[in-house]
Each structure stands twice: as structure tokens, then as C-alpha cells.
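Visitor: Could you take me slowly through one part of this protein, namely the empty space closed off inside it and the residues around that space? I would also like to hear about any residues with an unusual backbone angle.

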Amino acid sequence: MIALADKISKSFGGRTLYSAVTLQLNAGERWALVGPNGAGKTTLLKIIMGQESPDEGTISFAKDTSIGYLEQEAKLAGHKSALQEVIDSATEIKRLEAQISQMEQEIADTQGKDQKLLERYGAAQDRFERLGGYELESRARAILAGLGFPVEDFDKPAEDFSGGWQMRIALSKLLLRHPDLLLLDEPTNHLDLESVQWFERFIASYDGAVLIVSHDRTFMDACVSHVAAIENRRLTTYTGNYSSYLKQREDNLEQMRAKRAAQEREIAHMQVFVDKFRYKPTKAAQAQERMKKIEQIKKELVLLPEGSKKVHFRFPDPPRTGDMVVSLEGISKSFGENHVYSDVNLKLYRGDHVSLVGPNGAGKSTLMKMITGQLKPDTGKIELGQNVTEAYYAQHQLETLNPANTVMAEMDTAAPGWTSSEERKLLGAFLFHGDDVLKHVSVLSGGERARLALAKMLVAPDPLLLLDEPTNHLDIDSVDVLEEALKNFPGTIILISHDEHLVRAISNKVVDVRDHKVTEYDGDYDYYQYKRAELEARAAGETPSQGPLSQQPAPTKAQEQAAKDEQPVPASTGRNVKTREQRRAEAEARNAANKAVREEKKRLKQVEAALKPAQKRYKELMDLMASEELYNNADEFDRCMKEYNALSKKIPALEDEWLELTTMIEEATRV
């Protein structure tokens, strides 16, 4: 046991957040803390951290437990470089280093005769090694690189970075410290997709206890092992990732609904007897007995959780535009000596739902701002198609909300002519219910302001929507509302988001921005990942024989479905003795099945041939990156990081394909 929150209760004013909740966090467990907006998730983190006090209950920790807490916002001061800021945060490691040095002197003075001193020295060395004290700088560099910092920015003053990058530095400091208990509040908000994927792998292998508040379902699926759900002022725990939690919760709800229905039927049945015979002398005693049973059942009545507050709302269609919506020809952009990209040519059409992906700082937001006209390209031209108008959403847009307005009054500014009922329905879709619409903008949380700004944008949507990280500070229910609106939007969308679930749900085209280039992938996010893994493997110097992915085009959905449709139905396996005709029919079925999956078997051999050297090289890189010499050679470090990132994507893709192929072959040949 690392930490125990025991029978915690907390209220604000007359509102109870939770009563008598208990949560035990053990080493190696990675918990997601989930629940509706306002349920008290961040408050529980602060109670565990000691920043707030519970009304009732206690927080206890194992001896010498170290705790790290990442809040939603952080601001760094001082003139240290990003790298030095991270290294200097490892105060426990530096303290241990000083203690070890002092004990070494004491051991020398006592000639090693003090047994207790030797035991303390051994324990300190063990902890110093476990915390990574011998590889402190190399680990700091690896963490900064994993979270998206270019090597040339390691020596840049931390105070010169934007707020989002400062949050990454704060996260890097926390990860380097390697506390026994890691408390993270929306840690992926300021990361790009690639950094989120690196962070997933880091957390998935963390040997301490982790408690995370996040709205990113793909992230939680990838790295958490347990879920703690705050619902109806109680906390329920589940084993498994987020998707597993949803399934278990639904199964539990079905059982609870069935039990509740049975209780209500029993009450109704006995109530009929009571109503009929309660005043009849010969039956009065029996009626009284049933009345007592009814009261007892009511006390034990199953309480069903409140359903999620969702309103199905059909957003108005935008004005129809011409087929071509945005055209970029020969675009180049630089900021002083910082060259972003040149000779960008891109055309987007009506109905394109485009995700801009790539590392932070590569120019995704710059591209978006040039399309909106907020920035001018250095060369080239950008044209909008016929009848195209655009709406742009980014975090700074929240500052345009009038703090003196109520939520309803702010909506009035975007929806002239709408009735109060229509506005309330739209606001309900974005989780503003009842008196919430009378709140002033000045008292809204960051998440509530984001929902209001998005609702205003979708009142009468423009045919071109440009959205820069729209899910930051939204809870999962709010993201669901936004996702549904965007999936069904008939116009054109350009999206920047670190939320892989949202990107995968709405994208039918991906534009990759990196290394001063802009590359279009005419397919969904899965197709993009497949092609990127293939290209990065080639860039890492893999030979064609090692990389058969380069020889095979990504299968289309139609091809995958055709392969499934062609699979033969397994023969019947009865207990009767088979006739010659049956055996011949089964042999023919087996031959047909083997023929049907001939290409799959061939592909399986190619995948297996690619997987083994890729895994071997991945291990070699992991060993190499533990070497401090690597970090003294910036070019070699960059090359290794690129190869490492490519293999980190390629290996899971190969493993998934191997599993899919073996399953397909087994099912097709099972006769």
C-alpha cells in the first residue's frame, strides 16, 4: 500500500460531493479517476495531496512515500534552461547523493566497522539507483525529447516558453523525480498526439502508483489498469482500462435495473393486497404484515445512478459552398531565422474533415491562422472557395466572451431570433442546465467557458470550421457532444487535437506537418498511422527485406470486408460417424479455406520476418539511450530518437496485424 484515502467525505456549502469514499493505491497500479463535471475529481486529488482537508475521513501513506502532483496550470519563473530546470527538480536524488557522499566519508573514518552505518549506506545507494540517480541528465534529456522538445531547445530559458510548453517542463520535472505516488490532473492537455503516445508508454510501465484525471479515452485505455468512478456521491472501483470500465458499469447497471424492477413488482403486488384488505377485520393482521415488508423493501430499494445529462440536438446545416473550399498554392512561412515550411500546396473540399497532426512547433496552428487570415504567408496565395466563410476556435477565443453577460445573454449575441426554449435546448446539449444559464460568464470555469464558446460557434455554423484543441478542459460528456456535432457536420472541418479518440472519430483526411513539410494523406487516421510507420521505418534505414510493409498497400475497408465475406463457414461437428461424402466435403472445404487465405498466410510470414528484427533493434535503442555518451552527440541523439519513435509506432502496428492475420487464418481454416 502506497496511499489510502479512507472514508473521505467532502461538501461545499450545502452540496455534498461524496460521502465515505475509500480508495487504496498500490505500487504498479495506474488509476483513472472519472466522473461527471463538478463531481469533485480535482478536489479529491487536492485532498490526497494535502492541499485541501476532508470534512471526514483520513489520508495515510506508507513510510517515506514521495508524492508528485501536476495541476492543470503551472508557471515557471527564473532564468534556468529547460534542461537545468528539470534536472534541479530532482531534489531527493541530489539530497541522497549528498548523504551518500557524507556516509562514504564516515565509513572511511570508521574503517567500515559501523554495521548500522553500512546498512543505511546500502539502503541509500539502492534508493539512489532506483530513482535513476546515476543517469539523471540522460533521463532528463530523454523525458524532454519524449514530450516533444527539440534538442536545440534544451538550453533555452524555461521562462521564454509559452504556457503549454511550460506545462510540459513541469510534467518533465515530475517524471524525472519519479515519486512513489503520481497525481496528474489533465496531463495531456498541452501535449501533441505523438507526445501523448510517448507519455502513454511511460505511464504504462511506471512502477509507482498513479492517479489520473483525464477526458482522453484513448490515453486511459492505453495506460490505466484500474478506474475509480465518482457517481451519485459515491466512489466505485473497477479493474481494467476505461473501455473495460464502461462495459462493467453497463453490466452492473443492467443487474441493478433488474433488481430494482423486481423490488418494485414485489411492492406493487403486496400493495394491491394491502389496499384491498387493510380495513377488513379478518385480513387486517396480514395487511399490516405486508405493509411492514413494503417499508423494509423501500429501505433496501436499489438506487440507480443518475443518467448522463445529454440532450440530442440537431445543429443547423451551414450554407452550401462550392466544391473547392480552401486552396493553398506555393505557401512559405518563416519567423525571423525560424523557417517553418515552404512550397506548401493543398486543396480542401466540401465535406473534408481534416486533422492537422505533427509535433508541437512544426507549424500546425500557423497554417490554421494563415487560412483564417490572422497571419500572412511570406509567399504564395490562399483562396477560399465560393460562399465560404470560416469560424475559428482556439483557447484565446474564450477571452472574447463578455464577463458581464449571463450564459443566456451571451448566447443571445450569437442567436438573434431564437426563442428562449431553443437557446436552452442548445445550451443543454453543452451541459448547461436549469439555473446554469443564469450564471455570469465571469464565474464560469475554463471548461464551462470552452463549452459556451463552442455552443456559440455551432448556433449557425459557418461552412468552414477551424478548431485548435477544442477539447482542452472539457469533460468526457462534453467531448461526446462535440464529437457528435462534428461527425454529422456536412461542411469542412480543420482540426488540431491531441485527443486521439476525437481525431479517429471525425477525420476522413490527415495533413501531417513536420520537418518543414506539409504532407496530405487521403484517408482516415488509421490509414495515416499505417503509412507513417512505413515511411519512418524506411527513414530509419530498414532494408526492403526487413520491412515488407513497404511492399503492401494498406488494406481498404472494402477489401477487409470482402476478405471476411469470403471466409467459409466451419463445417458441422456432430457425434455421428462421418460418411465418405462428408469427409470429402470437409476436405474440399479445407482446401477452399486454405486457398482463400493464401495471401493472408503469405502476408503473415512477411509480418513475422519484419517483427523480429524490429523488436531486436528497439531493444538495442533502449540500451543505447541509457548511455550518457549518446546525449553528448546531438546529431546521433536526434537520429536515434527518430528511429525509436518510428519503431514505437511500427511494432504495435505489426503486432496488431499479426494478431488479426492469425485470427483470420484460424477462423477460415477451422473445419
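Guide: Before we begin, one term is needed: a residue is called buried when its relative accessible area is under 20%, exposed when it is over 50%, and partly exposed in between. Please keep in mind, too, that this is a predicted model.

Rolling a probe the size of a water molecule over the atoms shows where empty space is left. In this structure there are two cavities of 30 Å³ or more, and the largest cavity holds about 150 Å³ of space. Its lining is made of 18 residues, and those closest to the centre are Leu193, Glu194, Val357, Gly358 and Tyr525. If you look for the elements behind this lining, you will find that helix H7 (193–204), strand E12 (353–357) and helix H17 (525–539) each supply at least two residues, while H17 gives the most, with four residues. Sorted by class, the lining of the largest cavity has six nonpolar, six polar and six charged residues.

The second largest cavity has a volume of about 30 Å³, and the residues that line it are Leu70, Met167, Arg168, Leu171, Pro187, His190 and Leu191. Here helix H6, which covers residues 163–177, gives the most to the lining, with three residues. By class, the lining of the second largest cavity divides into five nonpolar residues, one polar and one charged.

Helix H6 also leads us to your second topic, since His178 sits in the loop between H6 and strand E6 (181–185). Most residues other than glycine have a negative phi, yet His178, which is not a glycine, has a positive phi of about 55°. Is His178 buried or exposed? Its relative accessible area is 13%, and because this value is under 20%, His178 counts as buried.

A second residue of this kind is Asn232, found in the loop between strand E8 (226–231) and strand E9 (234–239). The phi of Asn232 is near 55°, again a positive value in a residue other than glycine. The relative accessible area of Asn232 is 21%, so Asn232 is described as partly exposed, since the cut-off for a buried residue is under 20% and that for an exposed one is over 50%.

Technical notes
Residues numbered from 1 in each chain as written. Predicted model: local features only at pLDDT ≥ 70, side-chain atom pairs only at ≥ 80, totals over all residues. Heavy atoms only, no water. 1 Å grid on protein atoms, 1.4 Å probe; cavity = no way out; pocket = protein on both sides within 12 Å on 5 of 7 lines; lining within 4 Å. Points joined across faces, edges and corners; volume = space filled by probe spheres on them. Nonpolar A, V, L, I, M, F, W, Y, C, P; charged D, E, K, R; others polar. Buried < 20%, exposed > 50% of the residue type's maximum accessible area, 1.4 Å probe, protein only.
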